[in-house]
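This report looks at how selected helices pack against one another and at how the parts of the chain are divided.

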Amino acid sequence: MVADPEAGGESCFAVSDGRFSAIGENVPAARRVDLGGATVLPGLVDCHTHLVYAGDRCSEHALRLGGASYEEIARAGGGILSTVEAVRTATETDLVEAALPRAHALIREGVTVLEIKSGYGLDLDNELKLLKAIRRLGEQLPIRVRATFLGAHAVPPGRTRGEYLREVVDEMLPIVAAENLADAVDIFVETIGFDLTDLSELAQAADRHGLPLRVHAEQLSAMGASGMAARLGVTSCDHLEFARPDDVAAMAECGTVAVLLPGAFYFLRETQRPPVEAFRGAGVRMAVASDLNPGSSPIASLLICMHMACTLFGLTASEALEAVTRHGAAAMGMEKTAGIVDVGRPADFTVWDLPSPQHLVYQLGGLTPTAVYAGGNRL
Ligand code: DI6
Ligand code: FE
């Protein structure tokens, strides 16, 4: 492949057996593709989505436009629980079919690694159904899909928090792990979700099953979950609008990735921004993801979220690009296998007819790569 002879960077790279095999000036190749001076970037990584769900929450959006808050709707039995009802009546095939167009929208923008969480089942059978749907998407889509078990997303009706967490830890997680249905575990720590004791219990359980933990932390209030989670060894803390200086310090010390989700911030019309300046100053790696879900971020576009990370949160263009490539990969513990063009890595890359990568966060809407390659194959 001949990439960008004028740009002063590497101008050629070779792909063999689905991996980058050489990068340089004049690499040998059996077949050459001239990319005509286009900009080549790594395949994009969307490291935080909930894109397998049924139904929609359009009427809730109308309520929120009329002044109701996300928490008020959740406490009145709407919110996540209304999607849970829709998921429980859907079949695994319904879920796969509903998710496919959303996944394809991301792939068209250049996403080649996609994380998807469960969390709308909230009982054993329905959480397994979601995770199996995610595994099926992984088989059907031409990109890498990673599944995260988010049984601890909300407390189902009629149960106490403690009771339900026991079920997640003692009944669901062992089966999820034994059937290899998840690559990571996640928990929503929030006043309308789970607390710090639950976080520490789930961390121990995930560890026993050899699964990495991630955490939804500090989205709507400051609970200190991100600092504690960092010390517990999670790979990423996600959301983080209310993270405090001691949380940032703990994440810096422990090498935890901060996953910023500007789509949810925008859609919920939040005003408290994550402490980007502090993350930058402390050297915390920042990722950006779509959080694609029906309630707080019905946004099937990682490029729009990158744009919002710049305009709403103050990331620079190059920070936003790293956020959806290397750092997105790191948030999933995939820093060795995704998010960068390097010899030996899977040949996931995107080709753009743009003067520079900065244009990705300049134009809003209507941008697509001219080609997307995953594992060396053109999609
Ligand atoms: N935080 C979020 O933004 C999503 N989950 C979470 O814990 C929202 C999920 C939803 O509202 O359906
Ligand atoms: Fe989320």
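## Helices α4 and α5

In this predicted model, helices α4 and α5 cross in a right-handed sense. Helix α4 spans residues 92-108 and helix α5 spans residues 124-140, and the two pack with their axes 9 Å apart at an angle of about 50°, which makes α4 oblique to α5.

On the α4 side the contact is formed by Glu-92, Thr-93, Leu-95, Val-96, Ala-99 and Leu-100, while α5 contributes Lys-129, Leu-130, Lys-132, Ala-133, Arg-136, Leu-137 and Gln-140. Sorted by character, the residues of this contact comprise seven nonpolar, two polar and four charged.

## Helices α7 and α8

Helix α7 (residues 196-208) and helix α8 (residues 225-232) have axes that come within 11 Å of each other and cross at roughly 20°. Because the angle is under 35 degrees, α7 counts as roughly parallel to α8, and the crossing of this pair is right-handed.

The residues that meet here are Leu-196, Leu-199, Ser-200 and Ala-203 from α7, together with Ala-225, Met-228, Ala-229 and Leu-232 from α8. Seven of the residues in the contact of α7 with α8 are nonpolar and one is polar, with no charged residue taking part.

## Helices α8 and α9

Helix α8 also packs with helix α9 (residues 245-254), their axes coming within 7 Å and crossing at roughly 20°, so that α8 is roughly parallel to α9. The crossing of α8 and α9 is left-handed, whereas that of α7 and α8 is right-handed.

In this contact, Ser-226, Gly-227, Ala-230 and Arg-231 of α8 face Asp-247, Ala-250, Met-251, Glu-253 and Cys-254 of α9. The residues involved divide into four nonpolar, two polar and three charged; charged residues are thus present in the contact of α8 with α9, but absent from that of α7 with α8.

## Domain arrangement

The domain assignment splits the protein into domain 1, made up of residues 2-42 and 341-378, and domain 2, which covers residues 44-331. The centres of domain 1 and domain 2, taken over C-alpha atoms, are separated by 30 Å.

Where the domains meet, 19 residues of domain 1 are in contact with 19 residues of domain 2. About 1400 Å² of area is buried between domain 1 and domain 2, and carbon and sulfur atoms account for 73% of that area.

Technical notes. Residues numbered from 1 in each chain as written. Chains lettered and ligands numbered in written order. Predicted model: local features only at pLDDT ≥ 70, side-chain atom pairs only at ≥ 80, totals over all residues. Heavy atoms only, no water. Axes fitted to C-alpha atoms, helices over the stretch in contact; angles between N-to-C directions. Helix = DSSP H or I, 4+ residues; strand = E, 2+ residues; numbered from the N terminus. Parallel < 35°, antiparallel > 145°, perpendicular 65-115°, else oblique. Left-handed = near helix turned anticlockwise from the far one by under 90°. Contact = heavy atoms within 4.5 Å. Nonpolar A, V, L, I, M, F, W, Y, C, P; charged D, E, K, R; others polar. Domains from an automatic or database assignment. Buried area = accessible area lost by both parts, 1.4 Å probe.
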